[in-house]
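User: Can you walk me through this structure? I'd like to go through the packing, the pockets and a few odd residues.

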Amino acid sequence: MRVIRFERYGGPEVLSVAEAAVPEPGAGQVSIDVAFAGVNFADLKARAEGYRVPALPFVPGLEVSGRVRAVGEGVEAFHVGQDVAALTPGGAYADVVVADSATVFPVPDGLDLRTAATLPTVLPTAHALLHEVGRLREGESVLVQGAAGGIGTVAGQLARAAGAGAVYGVVSRPAKAGHALKYGYDEVFSAVDFPDEVRRATDGRGVDLALDPVGGDTLRRSLASLAVFGRLVSFGNASSADPWQVGQSELYPTAHTVAGFSILSLAQTAPDALRELAERAFRTVTEGTVELPVTAEFPLTEAAEAHQLLSSRTTTGKLLLRVNA
């Protein structure tokens, strides 16, 4: 079978097509004939920096849709030929991938495999950021970094559906603002000026909830954009800055709260909680509350081009690799 892998860290050019043996599922696992694989920023960090890479060579990719090829010992919830979506620790850029059955999900009725490939990482993450971790209440205001990306596109819609009083987004380029405004945002700010813009838009009050995947200075400025009793949820470190730290001097004066979320970590530590979260999140798509547009699609063999496009920071929505569809 075909895989896309890298043998050293670097730019998109280190990705290459290789042949590999078809993997067999072990106990508690499922193998999947991949139809589509999602392309995520974490894949770029794996390729460039070794993020969550246990050893080289490595096949990136965290999410797929496809059909069950085989089931391992003890797996009763799935059957051969069933349409599924799955979250994987890696290996999704391939014709066949193996995933733990706990992170494999039946494709909801009415969804095709192309749409299903957008679900495993983005939908549960956005839902958790706003609800399970962020504890958004009706009438509160929200600030979302990366508002035009996959998670940002979904978060804006979910916040609006939850009755947020105001939904503000931050984008890296002005050209992305129009996309975000279609998906639940009241105003969209530039990454340079957002703290001042937040204070202007809220009459100096700040926002109740801020969602930050960037880290570093952006996280600090998001924290400074909070209202009294505001909450910040960190869910990434796209800036590759040193790990952030926050303490009493930042939190005590205005009673701020800082929390964190990683869907990959949750999959490892609390797979049952992940499954419950995913079921809640997927319903928002089947019920029509949320849509996640696929804005670019590449053949598997053009994974390097997909990485190049995503790294340009000009993309909106979701990017997919078409594998066997």
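Analyst: Here is a short run through those topics, with the reminder that this is a predicted model.

User: Start with the inside. Which residues touch the most other members of the largest nonpolar core?

Analyst: Leu123, Leu130, Val154, Tyr185, Leu211 and Phe261 do. That core holds 52 residues.

User: Take Tyr185. What does Tyr185 touch, beyond its sequence neighbours?

Analyst: Leaving out residues up to four places away, Tyr185 touches Val144, Ala147, Gly152, Ala155 and Gly156. Val167, Tyr168, Gly169 and Ala180 are touched too. Apart from the largest core there is another one, of 39 residues. Its members include Ala46, Val75, Leu300 and Val323.

User: Why would such residues gather?

Analyst: As a general tendency, nonpolar side chains in soluble globular proteins are buried together.

User: Next, H3. How many of its residues are buried?

Analyst: The count is 9 of 12, so H3 is mostly covered. They are Val122, Leu123, Pro124, Thr125, Ala126, His127, Ala128, Leu129 and Leu130.

User: And what comes after H3?

Analyst: Arg135 follows H3. Arg135 sits in the loop between H3 and S8. Its phi is positive, about 50°, although Arg135 is not a glycine.

User: Is Arg135 buried or exposed?

Analyst: Exposed, because its relative accessible area is 56% and the cut-off for exposed is over 50%.

User: Now H6. Which of its residues are buried?

Analyst: Phe194, Val198 and Ala201 are buried in H6, which runs over residues 194-201. They lie on the same side of H6, because they cover an arc of only 70° around the axis.

User: Why does that spacing work in a helix?

Analyst: An α-helix has 3.6 residues a turn, so residues three or four places apart point the same way.

User: What covers the buried residues of H6?

Analyst: The cover includes four strands: S8 (141-145), S9 (166-171), S10 (187-190) and S11 (207-212). Helix H7 (216-224) is part of the cover as well.

User: And where does the chain go from H6?

Analyst: Thr202 lies in the loop between H6 and S11. Thr202 is buried, because its relative accessible area is 13% and the buried class ends at 20%. Beyond its neighbours within four places in sequence, Thr202 is in contact with Tyr168 and Val207. Asp203, just after H6, takes a positive phi of about 55°.

User: Switch to pockets. What volume does the largest pocket have?

Analyst: About 1,200 Å³. Its lining has 43 residues, and the closest to its centre are Phe41, Ile151, Pro213, Phe235 and Ala238.

User: Which elements give two or more residues to that lining?

Analyst: Helices H1 (41-49), H3 (122-133), H4 (150-161) and H9 (263-269) do. Strands S8, S9 and S15 (318-322) do too.

User: How does the lining of the largest pocket divide by class?

Analyst: Into 22 nonpolar, 16 polar and 5 charged residues.

User: And the second largest pocket: what volume?

Analyst: About 330 Å³. It is lined by 22 residues, with Leu62, Thr88, Pro89, Leu264 and Gln268 the closest to its centre. H1, S6 (96-100) and H9 each supply at least two lining residues. By class, that lining has 14 nonpolar, 5 polar and 3 charged residues.

User: Where is Arg69?

Analyst: Arg69 is in strand S4, residues 63-71. Arg69 counts as partly exposed, because its relative accessibility is 39% and that class lies between 20% and 50%.

User: What is Arg69 in contact with?

Analyst: Setting aside neighbours within four places in sequence, Arg69 is in contact with Val22, Ser31, Ile32, Asp33, Val80 and Val96.

User: How far apart are Arg69 and Lys176?

Analyst: They are 39 Å apart in space, C-alpha to C-alpha, and 107 residues apart in sequence.

User: Now backbone oddities. Which residues does a cis peptide bond join?

Analyst: Leu56 and Pro57, with omega about -5°. Pro57 is in the loop between H1 and S4.

User: What about Ala255? What is its phi?

Analyst: Near 55°, a positive value in a residue other than glycine. Ala255 is in the loop between H8 (248-251) and S13 (257-260). At 33% relative accessibility, Ala255 counts as partly exposed.

Terms used:
Residues are numbered from 1 along each chain as its sequence is written. This is a predicted model: local features need pLDDT of at least 70, side-chain atom pairs count only at pLDDT 80 or more; totals for chains, interfaces and linings use all residues. Side-chain values use heavy atoms; hydrogens and water are left out. A nonpolar core is a set of buried Ala, Val, Leu, Ile, Met, Phe, Trp, Tyr and Cys residues joined through side-chain atoms within 4.5 Å. Buried means under 20% relative accessible area, exposed over 50%, partly exposed in between (1.4 Å probe, protein chains only). Contact means heavy atoms within 4.5 Å. The arc is that of the directions from the helix axis to the C-beta atoms. On a 1 Å grid over the protein atoms alone, a cavity is a set of points where a 1.4 Å probe fits but cannot get out, and a pocket is an open set with protein on both sides within 12 Å along at least five of seven lines; lining residues have an atom within 4 Å of a point. Grid points are joined across faces, edges and corners, and a volume is the space filled by probe spheres set on the points. Ala, Val, Leu, Ile, Met, Phe, Trp, Tyr, Cys and Pro count as nonpolar, Asp, Glu, Lys and Arg as charged, and the others, Gly among them, as polar.
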